[in-house]
Structures are given as C-alpha cells and as structure tokens.
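Welcome! Let's walk through this structure together, one part at a time. Have the sequence and the 3D view ready as you read.

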Amino acid sequence: MKNLTAQAVYNADIYLRLSDDDGDKPESNSIKNQREFITEFLKSMPEIRIHAERKDDGFSGVDFFRPGIQEVLQDVRSGAVNCVVVKDLSRLGRNYIETGKVLQEFADHGVRFIAINDNYDNANAESNDSDNIVVPFKNLLNDSYCRDISIKVRSQLDMKRRKGEFIGGY
C-alpha cells in the first residue's frame, strides 16, 4: 500500500447511498442528511478537497453494479481521486466479499478511505492494527443484517398471503 500520510492534499469522492428512495421526492432525506454530515465533517479537514459527489439513491448495498459506486471506482482507477469518504461502512456496501474487494482496491491504489461513523480512516496509523480485525467484522455484520432483514420480510409477506391479507401499497 502506498504511503497515505505523505499526501499534502487529498482529492475526494464523497459517496452516498440509500436502499429505498422516498419515491415522491427528487432526492431522499437520508441522502441529503449523509451529504450534510460528510461536508460538516470535512470542514475540520482542510487537506481534503471534494472532487465529486457520487450517489446511489434507491440502490441496495448488496451488489456493486450501482452507477454511483462504479463512478467512484472509475475515479480511483483513473487517479482522479486519492480519497473516498462515506458516512459509514454500510453505505459503501452490505456484501462482505464485494466490500472487501473494493476496500482492497482502494488500498492497492493508495486511496485514503474514511468511514466517519465507524471512526475508520486508513491514513490513521494509530487505529490500523485494531481495524485489521474490526473493519472485516463490521462488513460481515452489514452483510448478515441485510440477509436477516430479507428473510424476515419474506416471512411476513408469506404469512399475510396465507391469511389472504392484502399486501399492496394501498
């Protein structure tokens, strides 16, 4: 991995994601809140400049065929950015294997990755030893949470179907 602490300035993509959009609005409230949260955090980090905002509003974190994350990866691969900032690891993805691959790609390209709520910054040498265990564990929890919710929702829908209850939106 390239030396992250030697960078004087970081060009960053901020990445925002939410599984369900609000439907009747051009942008969900959660996306707006994530943006405000990240930009407020970055005010205390003058070495980080926002290159672009990439977002996936209404996309599951299970797969990585989302347009916004693909734009982030393109920016990383082209060298346009050397930093990616998210609210937390679950916004990046909820698939343990694929999230790990993306994090490894960031590391291979010397990209600083910050997950604010998880207190993770791979440029912070003090936390890297404990993060070697914590980050994969959090990714595993994010993955299993997604699978658990999916099972519970299907179970509830099946139960309502068997009882003859209406399952539609209205």
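**A walk from the core outwards**

In this predicted model, the largest nonpolar core has 18 residues, and those with the most contacts inside it are Val72, Val76, Val84, Leu92, Phe106 and Phe113. Two or more residues of this core come from each of helix 2, strand 3, helix 3 (89-92), helix 4 (96-108) and strand 4. Helix 2 gives the most, with four residues. Try finding Phe106 in your view: leaving aside residues up to four places away in sequence, Phe106 touches Val72, Leu73, Val76, Val84, Leu92, Val111 and Phe113. Apart from this core lies another, of 15 residues, and Ala12, Ile48, Cys83 and Val85 are among them.

Now turn to the sheet. It is open, has five strands in the order 2-1-3-4-5, and its pairing is mixed. Strand 2 (48-57) and strand 5 (120-121) are at the edges; each has a single partner strand, so one side of each is left without a neighbour in the sheet. As a general point, strands of a sheet pair through backbone hydrogen bonds, in either a parallel or an antiparallel way.

Let's follow the strands across. Strand 1 and strand 3 run parallel and are joined by three bridges. Here Ala12 stands opposite Cys83 in strand 3. Moving on, strand 3 (residues 83-86) pairs with strand 4 (residues 112-115), again in the parallel sense, over four bridges. You can trace some of these partners residue by residue: Val84 has Phe113 of strand 4 as its bridge partner, Val85 has Ile114, and Val86 stands opposite Ala115.

At the next step the sense of pairing is antiparallel: strand 4 and strand 5 are joined over two bridges. Ala115 has Tyr120 in strand 5 as its bridge partner. The hairpin formed by these two strands has four residues between them, and in this hairpin Asn119 takes a positive phi near 55 degrees.

What covers the sheet? Helix 1 (residues 29-42) packs on it, touching strand 1 (10-18), strand 2, strand 3 and strand 4. The direction of helix 1 makes about 155 degrees with that of strand 1. Helix 2 (residues 67-78) also packs on the sheet, where it touches strand 1, strand 2 and strand 3. For helix 2, the direction makes about 150 degrees with that of strand 2.

Are the faces of strand 3 covered or uncovered? Both are covered: Cys83 and Val85 on one side, and Val84 and Val86 on the other, are all buried. This is a good place to link the sheet to the cores, as Val84 is one of the residues with the most contacts in the 18-residue core, while Cys83 and Val85 belong to the core of 15 residues. Strand 4 can be read in a similar way: Arg112 and Ile114 point one way, Phe113 and Ala115 point the other way, and all are buried.

Next come the aromatic rings. The structure holds two aromatic pairs. In one, Phe106 and Phe113 are tilted, with 5.6 Å from centre to centre and 40 degrees between the planes. In the other, Phe113 and Tyr120 are also tilted, at 6.0 Å centre to centre and with 50 degrees between the planes. Ring pairs thus link Phe106, Phe113 and Tyr120 into a cluster. Both Phe106 and Phe113 are buried. Phe113 counts as buried because its relative accessibility is 1%, and Tyr120 counts as buried as well, at 15%.

Rings also meet charges here. The charged end of Arg66 sits over the ring of Phe64, 4.6 Å from its centre. Arg112 lies over the face of Tyr10, at 4.8 Å from the ring centre. Remember that Arg112 is among the buried residues of strand 4.

One last stop is Tyr96, which is found in helix 4. Is Tyr96 buried or partly exposed? With a relative accessibility of 32%, Tyr96 counts as partly exposed. Tyr96 and Val62 are 34 residues apart in sequence, and their C-alpha atoms are 8.7 Å apart in space.

Definitions and conventions:
Residues are numbered from 1 along each chain as its sequence is written. This is a predicted model: local features need pLDDT of at least 70, side-chain atom pairs count only at pLDDT 80 or more; totals for chains, interfaces and linings use all residues. Side-chain values use heavy atoms; hydrogens and water are left out. Rings of Phe, Tyr and Trp (its six-membered ring) pair if their centres lie within 6.5 Å; planes under 30 degrees apart count as stacked, over 60 as edge-to-face and the rest as tilted. Buried means under 20% relative accessible area, exposed over 50%, partly exposed in between (1.4 Å probe, protein chains only). A charge sits over a ring if NZ of Lys or CZ of Arg is within 6 Å of the ring centre and within 35 degrees of the ring normal. Two strands pair if DSSP finds at least two bridges between them. Contact means heavy atoms within 4.5 Å. Axes are lines fitted to C-alpha atoms, for helices over the stretch in contact, and angles run from 0 to 180 degrees between N-to-C directions. A nonpolar core is a set of buried Ala, Val, Leu, Ile, Met, Phe, Trp, Tyr and Cys residues joined through side-chain atoms within 4.5 Å.
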